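Please open the model in your viewer and keep the sequence panel visible beside it. The tour below proceeds selection by selection, from the whole chain to individual side chains.

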Amino acid sequence: MVPLLLLICSNSFMTLAWYGHLKFPEARLPIAILASWGIAFIEYCFAVPANRIGYFGGMSGGQLKIMQECVTLVVFAVFAVLVLKEPLSWRYAGAFVCIMGAAAFLFAGR
């Protein structure tokens, strides 16, 4: 449970770092890059412990990666709606189903 919570925090910062600057088109590219790097540092402060705790707690690298992908899609969907004001479409649902299927393969039998 701890790795999942840390990955949710990590992905929230990652999404902000990667896409938050899109709300500021007037910002010069070097400023957007530096701001994103600063936010990404915080993201790594959550991602690295999440992966270490999960891995040394018995999860495989593949399981951690697919968990991160599931979290990323959910966090980005929320960000897209709330911040970017983009509507969700059937493509989000299809992508989520595909990723959940991949997660089922990696977590089956555990």
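Begin with the entire protein chain, bearing in mind that the model is predicted. Of the contacts in this chain with a separation of 6 or more, 72% are between residues 24 or more positions apart. Colour by secondary structure next: the chain has 4 helices and 0 strands, and the pattern along the sequence reads α-α-α-α. The C-alpha trace spans about 50 × 35 × 15 Å along its principal axes. If the display is coloured by accessibility, buried residues account for 32% of the 110 residues.

**First selection: helices H1 and H3**

Select residues 2-19, which form helix H1, and residues 61-82, which form helix H3. The two helices pack at an angle of about 50°, and their axes lie 9 Å apart. Because of that angle, H1 is oblique to H3. The crossing of H1 past H3 is right-handed.

Now show the side chains at this contact. From H1, display Leu4, Leu7, Ile8, Asn11, Ser12, Met14, Thr15, Leu16 and Tyr19. From H3, the partners are Leu64, Met67, Gln68, Val71, Thr72, Val75, Phe76 and Phe79. What is the character of the residues in the contact of H1 with H3: nonpolar, polar or charged? They divide into 12 nonpolar, 5 polar and no charged residues.

**Second selection: Gln68**

Remain on helix H3 and centre the view on Gln68. Is Gln68 buried or exposed? With a relative accessibility of 14%, Gln68 counts as buried, because the cut-off for burial is under 20%. Leaving aside residues up to four places away in sequence, Gln68 touches Leu7, Asn11 and Met14. Leu7, Asn11 and Met14 also appear in the H1 side of the helix contact shown above.

**Third selection: the nonpolar cores**

Select Ile66, Cys70, Leu73, Phe76, Ala77, Phe79, Ala80, Leu84, Tyr92, Ile99 and Ala103 together; these 11 residues are the largest nonpolar core. Which elements give two or more residues to this core? They are H3 and helix H4, which covers residues 90-107. The greatest contribution comes from H3, with 7 residues. A second, separate core has 6 residues, among them Leu6, Leu7, Met59 and Met67. Leu7 and Met67 were already displayed as part of the contact between H1 and H3.

Return to the largest core and isolate Ala80, one of its members. Beyond residues up to four places away in sequence, Ala80 touches Lys85, Glu86 and Tyr92. Tyr92 belongs to that core as well.

**Fourth selection: Lys85**

From Ala80, step to its contact partner Lys85. Lys85 is located in the loop between H3 and H4. Its relative accessible area is 60%, so Lys85 is exposed. Inspect the backbone here: phi of Lys85 is near 60°, a positive value in a residue other than glycine. For comparison, most residues other than glycine have a negative phi.

**Final selection: Lys65**

Finish on helix H3 with Lys65. A relative accessible area of 47% makes Lys65 partly exposed. To end the tour, draw a C-alpha to C-alpha distance from Lys65 to Asn51: the two residues are 14 apart in sequence and 8.7 Å apart in space.

Terms used. Residues are numbered from 1 along each chain as its sequence is written. This is a predicted model: local features need pLDDT of at least 70, side-chain atom pairs count only at pLDDT 80 or more; totals for chains, interfaces and linings use all residues. Side-chain values use heavy atoms; hydrogens and water are left out. Axes are lines fitted to C-alpha atoms, for helices over the stretch in contact, and angles run from 0 to 180 degrees between N-to-C directions. Angles under 35 degrees count as roughly parallel, over 145 as roughly antiparallel, 65 to 115 as roughly perpendicular and the rest as oblique. A crossing is left-handed if the near helix is turned anticlockwise from the far one by less than a right angle, and right-handed if clockwise. Contact means heavy atoms within 4.5 Å. Ala, Val, Leu, Ile, Met, Phe, Trp, Tyr, Cys and Pro count as nonpolar, Asp, Glu, Lys and Arg as charged, and the others, Gly among them, as polar. A nonpolar core is a set of buried Ala, Val, Leu, Ile, Met, Phe, Trp, Tyr and Cys residues joined through side-chain atoms within 4.5 Å. Buried means under 20% relative accessible area, exposed over 50%, partly exposed in between (1.4 Å probe, protein chains only).
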